[in-house]
Amino acid sequence: MYPVMLDVGDHACLVVGGGGVALRKAQGLVEEGARVTVVAPEVVAPLETMADQGRLRLERRPYLAGEALSYALVFAATDDREVNARVFNDAANAGVWVNVADDPELCSFHLPGRVRRGPLQLAIASAGQAPFVVRRLRRLLERRFGVEWAEWVGAASRFRDRVRELGSEPSAQEALFDRFFDETVDAERLRARVPTATEEAEWLAVPVDHVEHRSADPAGDTSACRDGESDEGSVSLVGAGPGCSGLLTVRGRRRLLEADAVVYDRLAVPALPCDLRADVELHPVGKEAGIHPMPQEEINALLVRLARRGLRVVRLKGGDPYVFGRGGEEGEVLAAEGIAFEVVPGVTSGVAALAWAGIPVTHRREAVRLTLLTAHEAVKSDGPQVRWDLLAQDKHATIVGYMGVTALPEVVHQLLGGGMDPATPAAMVEQGTTASQRKVISTLEGLPAAIVEAGIQPPALFAIGPTVGHAKNLDWFSRLPLAGERLVIPDVAEVVVRRLEAAGAEVVSLPFPVTPVARVVMAALPITGCVVTSPAEVDWVHEERGGPGWVDDAPSWCIGEQAAERARQRGWRYVHELLPGMNCGELVARIAAERR
Ligand code: SAH
């Protein structure tokens with residue numbers, strides 16, 4: 001086997017087959033600029049979308065004899081070995097390179113496993129003899145090679161240009177390249193960094209005969225290593241935010257996408273990105289329907305075990321990990337075990353759920369102090385740690401109570417006993433920032449009865465203080481046309497997703513193939529409907545309908561007659577047929593008008 005990198009740019013390539021494997025081949029080729037034709041009687045929705053977008057040519061029909069001849073490169077990925085063999089024979093007889101997925105005998109070339117960091121690519125192959133090894137090595141290298149290598153190659157390429165401009169002797173150029181490499185690559189840990197402009201200028205300014213080769217510090221100089229990652233595995237304690245997926249931080253999302261294992265609480269689920277790697281290990285440890293939460297000691301032990309296996313672990317918690325989240329205890333265990341850990345703070349629900357309910361936690365001249373407390377403190381038998389009597393006297397403050405549903409009557413009793421005005425504005429917010437958000441606005445005295453009447457359930461928190469009085473004026477969320485909608489959409493239409501979110505809907509972007517994490521996310525809260533744009537997308541979503549999270553007979557908004565027709569054939573009820581080519585604004589208006 002002889003390795004090469006093919007420049008497929010603008011070359012005609014053929015993919016026979018229309019399933020997930022064919023999709024990946026077509027995507028890979030299109031990304032490299034090839035002119036791709038896909039031939040298959042039936043194709044998965046993303047292929048259809050790519051054809052609609054003009055990124056490839058789609059021929060909905062069986063493979064025709066001899067067709068392979070007119071292409072530079074041919075792939076067959078049908079589930080029919082006879083068809084695959086015909087494609088192979090046609091191509092091989094004509095001297096066209098051909099690859100049949102999962103059939104080494106019918107291949108004139110194999111595809112290596114790839115680890116890609118920008119223009120830098122590592123290819124791994126076993127001449128088709130041990131594909132399982134290739135897959136595992138690829139995963140290992142995926143972990144070891146951080147994303148920073150992409151930027152590093154860019155810097156290396158720019159450095160090369162500048163060295164060339166100097167026009168010095170080849171040996172002097174090599175010496176400069178050595179310097180660049182040694183200063184920026186940590187060979188022990190396989191980490192790289194982009195040098196600063198000053199460093200580069202300094203290296204280039206040194207007279208060539210003074211440049212000498214510097215070998216990497218064998219003791220493992222970490223100067224090339226920005227974040228000192230070890231092979232031991234590590235744990236990121238990440239705050240998922242209050243529930244709305246857009247409130248997960250950029251860094252938190254990055255950690256999740258890089259993670260090998262995610263240990264998550266129930267409250268964190270709605271914020272889990274559906275595009276996590278398909279092979280990421282998922283460990284639910286919170287209260288799932290009917291299952292008890294895992295005791296804290298077991299969670300600690302799990303984190304240690306996963307990190308010891310060398311995995312990058314994300315411990316994902318609702319809100320912020322250090323706000324009533326026991327993140328401190330987990331961090332201490334990790335520190336004691338010598339496991340590298342970091343904290344990625346999150347948006348705490350005590351601030352965000354209130355913002356969604358129209359309540360600012362501070363306001364000039366009204367509330368200049370904010371107290372976050374756990375309401376359990378009011379009902380603890382071993383003596384409360386909260387001075388309710390002092391809080392009761394503080395007029396210019398907001399009290400935010402986490403875990404506040406059952407303890408609220410006792411909290412109110414204590415505050416009234418401490419002399420707080422019974423007419424102080426008070427509110428309770430359930431499932432804040434999600435499509436299931438509900439709120440009750442009342443007074444200190446009236447709130448306990450009001451939440452019983454409304455049937456408020458955990459997770460919910462309360463706010464007591466003058467700023468609650470702004471709730472009506474500042475209510476921006478529940479006025480949005482799609483507030484309360486939780487819609488599933490096949491992951492093909494970024495623009496539609498953004499518009500629906502802007503209109504207040506929570507959107508679950510369903511990847512293809514559907515990943516385990518997407519199923520976990522769908523199950524987190526009730527799904528109120530779905531939006532589909534083609535018959536293939538109907539099939540894609542149909543497999544999932546009826547799964548956890550889907551309410552019975554969730555309505556569907558089908559763009560185009562064919563999509564609606566397929567939905568009806570599938571037995572969906574409440575099928576709303578929308579005009580093809582309808583713009584996003586009209587789509588929002590239709591959903592708002594017709595939702596049940
Ligand atoms: N670390 C979390 C809090 C964990 S304690 C944070 O920073 O937000 C769990 C409590 O948080 C729940 O009982 C509830 O009081 C509150 N909570 C979490 N998410 C919430 C939400 N979306 N809406 C209202 N309250 C929420």
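This is a guided tour of one predicted model, moving from the whole chain to a helix pair, a buried helix and a set of salt bridges.

Before selecting anything, note that residues are numbered from 1 along each chain as its sequence is written, and that side-chain values use heavy atoms, with hydrogens and water left out. Because the model is predicted, local features need pLDDT of at least 70 and side-chain atom pairs count only at pLDDT 80 or more, while totals for chains, interfaces and linings use all residues.

**The whole chain**

Start with the full view, in which the C-alpha atoms fill a box of roughly 90 × 70 × 45 Å, taken along the principal axes. Colouring by secondary structure should bring out 19 helices and 24 strands, where helices (H or I, at least four residues) and strands (E, at least two) are DSSP runs numbered from the N terminus. Of the 596 residues, 48% are buried, a term that stands for under 20% relative accessible area, with exposed meaning over 50% and partly exposed in between (1.4 Å probe, protein chains only). Among contacts (heavy atoms within 4.5 Å) with a separation of 6 or more, 63% are between residues 24 or more positions apart.

**Helices α2 and α17**

Next, select residues 45–52, helix α2, together with residues 535–542, helix α17; their axes come within 8 Å and cross at roughly 155°. The axes are lines fitted to C-alpha atoms, for helices over the stretch in contact, and the angles run from 0 to 180 degrees between N-to-C directions. The two helices are therefore roughly antiparallel to each other, the class for angles over 145 degrees. Show the side chains of Ala-45, Pro-46, Glu-48 and Thr-49 in α2, which meet Ala-536, Glu-537 and Trp-540 in α17. The residues of this contact divide into four nonpolar, one polar and two charged; in this scheme Ala, Val, Leu, Ile, Met, Phe, Trp, Tyr, Cys and Pro count as nonpolar, Asp, Glu, Lys and Arg as charged, and the others, Gly among them, as polar.

**Helix α11**

Move to residues 349–356, helix α11, where Gly-350, Ala-352, Ala-353, Leu-354 and Trp-356 are buried. To see what surrounds these buried residues, add strands β16 (397–402), β17 (425–430) and β19 (460–464), against which they pack. The helix is followed by Gly-358, whose phi is positive, near 85°.

**Salt bridges**

The structure holds 39 salt bridges, each being a side-chain nitrogen of Lys or Arg within 4 Å of a carboxyl oxygen of Asp or Glu. Select Arg-35 and Asp-10, whose side chains meet in one of them at 3.6 Å, N to O. This pair links distant parts of the chain, with Arg-35 in strand β2 (residues 35–39) and Asp-10 in the segment before β1 (12–16), 25 residues apart. Arg-35 is partly exposed at 47% relative accessible area, whereas Asp-10, at 53%, counts as exposed.

Then select Arg-116 and Glu-32, whose closest N and O atoms are 2.9 Å apart in a salt bridge. Here Arg-116 lies in strand β6 (residues 113–117) and Glu-32 in the loop between α1 (20–31) and β2, 84 residues apart. Arg-116 counts as partly exposed at 32% relative accessibility, and Glu-32 counts as partly exposed at 33%.

The side chains of Arg-61 and Glu-67 meet in a salt bridge at 2.8 Å, N to O; Arg-61, at 22% relative accessibility, counts as partly exposed, while Glu-67, at 11%, counts as buried. Finish by selecting Arg-139, Asp-260, Arg-277, Asp-279 and Arg-312, which are linked in a network of salt bridges.

Note on methods. Parallel < 35°, antiparallel > 145°, perpendicular 65-115°, else oblique.
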